[in-house]
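Me: I have a structure open in front of me and I would like to learn how to read it. Could you take me through some features, one at a time?

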Protein chains: 2
Amino acid sequence: MPELRKDPIVGRWVIISTERAKRPFDFAPEDETSKGGFCPFDPGNEKTTPPEIVAYRAPGTLPNTPGWTMRVVANKFPALVIEGNLYKIGEGLYDKMNGIGAHEVIIETPDHEETLSTMPVERFADVLRAYRDRIMDLSRDPRFRYILVFKNQGRSAGASLEHSHSQLIALPVIPEIALEELNGSKKYYGYKDRCVYCDIVRQEQEAKVRVVLENQDFLVCCPFAPRSPFEVWIIPKSHNAVYTELEETRFLSLAQIFSQTLNRLDKALNYRPYNFMLHTSPIRESHQDYYHWHFEIVPKLTRIAGFEWGSGFYINPSPPEEAAKFLREVVLEEEK
Amino acid sequence: MPELRKDPIVGRWVIISTERAKRPFDFAPEDETSKGGFCPFDPGNEKTTPPEIVAYRAPGTLPNTPGWTMRVVANKFPALVIEGNLYKIGEGLYDKMNGIGAHEVIIETPDHEETLSTMPVERFADVLRAYRDRIMDLSRDPRFRYILVFKNQGRSAGASLEHSHSQLIALPVIPEIALEELNGSKKYYGYKDRCVYCDIVRQEQEAKVRVVLENQDFLVCCPFAPRSPFEVWIIPKSHNAVYTELEETRFLSLAQIFSQTLNRLDKALNYRPYNFMLHTSPIRESHQDYYHWHFEIVPKLTRIAGFEWGSGFYINPSPPEEAAKFLREVVLEEEK
């Protein structure tokens with residue numbers, strides 16, 4: 001069983017896979033070429049994945065057979081495992097717990113070549129609804145404290161399979177980055193009596209220089225202090241800490257602006273790999289006033305090197321004002 | 001002039017290069033092949049780098065001419081610039097300051113093919129002394145609060161030139177990772193009245209499972225909760241918060257064990273790229289009792305992907321106990 005271990009100095013948690021431990025020669029140098037060949041996420045290969053947890057499929061089709069447009073399955077090689085009780089123990093001055101959690105894969109499309117950028121927005125909205133539904137279901141498990149939804153697009157962004165998919169990991173602890181955001185936005189709220197994300201939305205709408213796109217419900221902008229060139233955030237305009245409370249009628253609106261954003265990034269950066277992460281409130285905690293859910297999209301353009309490892313500082317060679325301008329000025333096919 | 005910008009939520013600082021701003025087409029996909037050709041760090045090309053700040057050179061040879069064994073120069077493309085007064089300003093709810101700092105390059109060897117692993121330990125000790133000397137010199141500048149020494153070895157670890165070199169960046173703020181370590185070790189000290197690093201040294205020496213190497217002065221071990229497979233720390237056995245206070249007689253001892261460590265990593269991981277960072281106390285702050293300087297070495301074996309970006313958690317597929325065992329059992333040429 002995997003182990004969660006805590007760094008005794010900074011308190012950072014690490015997941016150690018103790019079962020399929022990698023030895024030195026298991027770390028092959030990166031290979032960016034497309035692999036092709038057998039794909040366990042293609043229709044017809046349903047039996048090669050763990051059984052589906054949820055699927056959107058044509059009426060009359062059976063689970064774990066073709067006919068689906070979106071499927072959620074357990075990760076076959078999970079970072080954390082679902083069975084067992086959570087126990088926490090010490091080892092001298094160190095702290096650890098067993099690696100209880102959920103690790104699921106959202107197979108976004110049956111089409112091996114299709115991506116979130118190219119699929120119809122109605123189906124993109126289904127993927128966003130699936131995130132909500134899986135978070136709500138897993139939130140009932142009292143062992144979990146945080147559920148992280150993320151996507152690795154492209155091998156150098158960490159995708160081990162090229163078929164378009166996102167992932168979800170339910171964790172027994174609140175991860176550092178969520179804690180930092182919760183603490184930071186709480187501090188701001190204590191000082192100003194306003195949500196910092198709401199203030200960001202207002203200031204960005206006024207300044208306009210970092211705005212990429214906007215619709216009735218969402219603002220898409222490059223953040224003021226981006227870690228990566230062309231980093232983009234999607235922030236709902238109306239205040240809410242919890243993603244799962246997004247009104248049913250707004251999923252299509254989110255899918256539309258998300259699709260537009262990814263298409264603009266694809267075009268501007270020539271389809272470079274990216275990661276995106278959903279930032280939402282921990283389970284069973286109401287941060288109604290000071291926290292605000294959002295998506296962060298980080299293209300894979302620079303490397304984490306010694307300076308970043310040693311400082312937690314990032315060096316970003318592209319001002320967000322220029323990145324936003326480039327993304328605004330991209331002309332998409334449909335607009336021509 | 002570059003800008004330092006602070007994320008308004010989590011307080012993370014980012015350096016934005018506003019001058020040589022990179023546009024989308026400037027981000028070429030990674031190319032891992034050796035480039036060869038002209039090298040500004042080779043002897044004879046001294047005029048193509050900024051003038052040397054310090055050099056160890058043969059008696060009678062002139063500055064910025066051949067005859068040196070180690071040279072320190074300003075970075076030709078600095079992340080921060082040395083001239084100017086530090087000013088801090090707001091932009092609505094955002095905070096920023098101008099990018100004042102120092103960015104130096106330590107050219108470790110005149111030999112284009114030599115690395116820290118292959119050079120004689122006496123010269124490695126000179127490199128370690130140069131870190132000390134440059135930190136001491138820059139510490140006199142009241143604008144700086146922290147000096148970070150780090151090395152990127154190999155292109156995928158961030159090295160833009162293959163000629164072996166390390167870097168130093170003097171910062172006008174204390175970076176997040178240093179703050180986290182200072183706060184964490186202070187908290188531990190408040191609870192236990194002991195330095196957490198001293199306790200780690202004691203526990204690791206007793207448990208032995210994560211120890212890679214040891215000599216009279218230093219312990220080399222894989223940390224309990226490593227972010228990366230084969231991450232290795234070099235910790236001085238006697239307590240000191242400040243690297244620059246290392247006794248002159250111990251630099252050779254540090255170079256010996258550091259060289260051994262890098263050679264073992266090279267052999268075990270087939271010369272994969274790595275980063276190392278010196279963690280030491282901020283300038284003009286005495287953390288004598290609770291902080292403890294050390295080096296952290298992080299091989300480049302896994303990728304930072306959506307999960308790490310979104311959580312600050314790391315997934316590590318190699319338990320440190322197994323990594324330490326592999327590194328202990330490596331047989332180096334000299335030992336055969």
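Reply: Happy to! Keep in mind that this is a predicted model. Let's begin with a helix. Just after α2 of chain A, D193(A) takes a positive phi of about 65°.

Me: How long should helix α2 of chain A be, at 1.5 Å a residue?

Reply: The 17 residues of that helix, 176–192, should span 24 Å at this rate, and the C-alpha atoms at its ends are 24 Å apart, so the two values agree.

Me: Which residues of α2(A) are buried?

Reply: They are I177(A), A178(A), E180(A), E181(A), L182(A), G184(A), S185(A) and Y188(A). Within chain A, these buried residues pack against β8, α3, β13 and β14. They also pack against α2 and α5 of chain B.

Me: That brings in the second chain. How do I describe the contact between the chains?

Reply: The size of an interface is often given as the accessible area lost when the parts come together. Here chain A and chain B bury about 8,400 Å² between them, with 65% of it on carbon and sulfur atoms. Of the area that chain B buries against chain A, I9(B), F224(B) and W309(B) supply 11%, more than any other three residues. The contact takes 93 residues from chain A and 93 residues from chain B.

Me: And how would I find empty space inside?

Reply: Rolling a probe the size of a water molecule over the atoms shows where empty space is left. This structure holds 9 cavities of 30 Å³ or more, and the largest cavity has about 400 Å³ of space.

Me: What lines the largest cavity?

Reply: Its lining has 20 residues, and those nearest the centre are I177(A), Y314(A), I177(B), G312(B) and Y314(B). You met I177(A) above as a buried residue of α2(A). Helices α2 and α5 of chain A, along with α2 and α5 of chain B, each supply at least two residues of this lining. By class, the lining has 8 nonpolar, 2 polar and 10 charged residues.

Me: Let me try a single residue. Is I304(B) buried or exposed?

Reply: I304(B) has a relative accessible area of 14%. The cut-off for buried is under 20%, so I304(B) counts as buried. You will find I304(B) in the loop between β14 and α5 of chain B.

Me: Which residues is I304(B) in contact with, leaving aside its neighbours within four places in sequence?

Reply: On chain A, they are N275(A), K300(A), I304(A) and W309(A). On chain B, they are W309(B) and Y314(B). Y314(B) also appeared among the residues nearest the centre of the largest cavity.

Key: Residues numbered from 1 in each chain as written. Chains lettered and ligands numbered in written order. Predicted model: local features only at pLDDT ≥ 70, side-chain atom pairs only at ≥ 80, totals over all residues. Heavy atoms only, no water. Helix = DSSP H or I, 4+ residues; strand = E, 2+ residues; numbered from the N terminus. Expected span 1.5 Å × (residues − 1). Buried < 20%, exposed > 50% of the residue type's maximum accessible area, 1.4 Å probe, protein only. Contact = heavy atoms within 4.5 Å. 1 Å grid on protein atoms, 1.4 Å probe; cavity = no way out; pocket = protein on both sides within 12 Å on 5 of 7 lines; lining within 4 Å. Points joined across faces, edges and corners; volume = space filled by probe spheres on them. Nonpolar A, V, L, I, M, F, W, Y, C, P; charged D, E, K, R; others polar. Buried area = accessible area lost by both parts, 1.4 Å probe.
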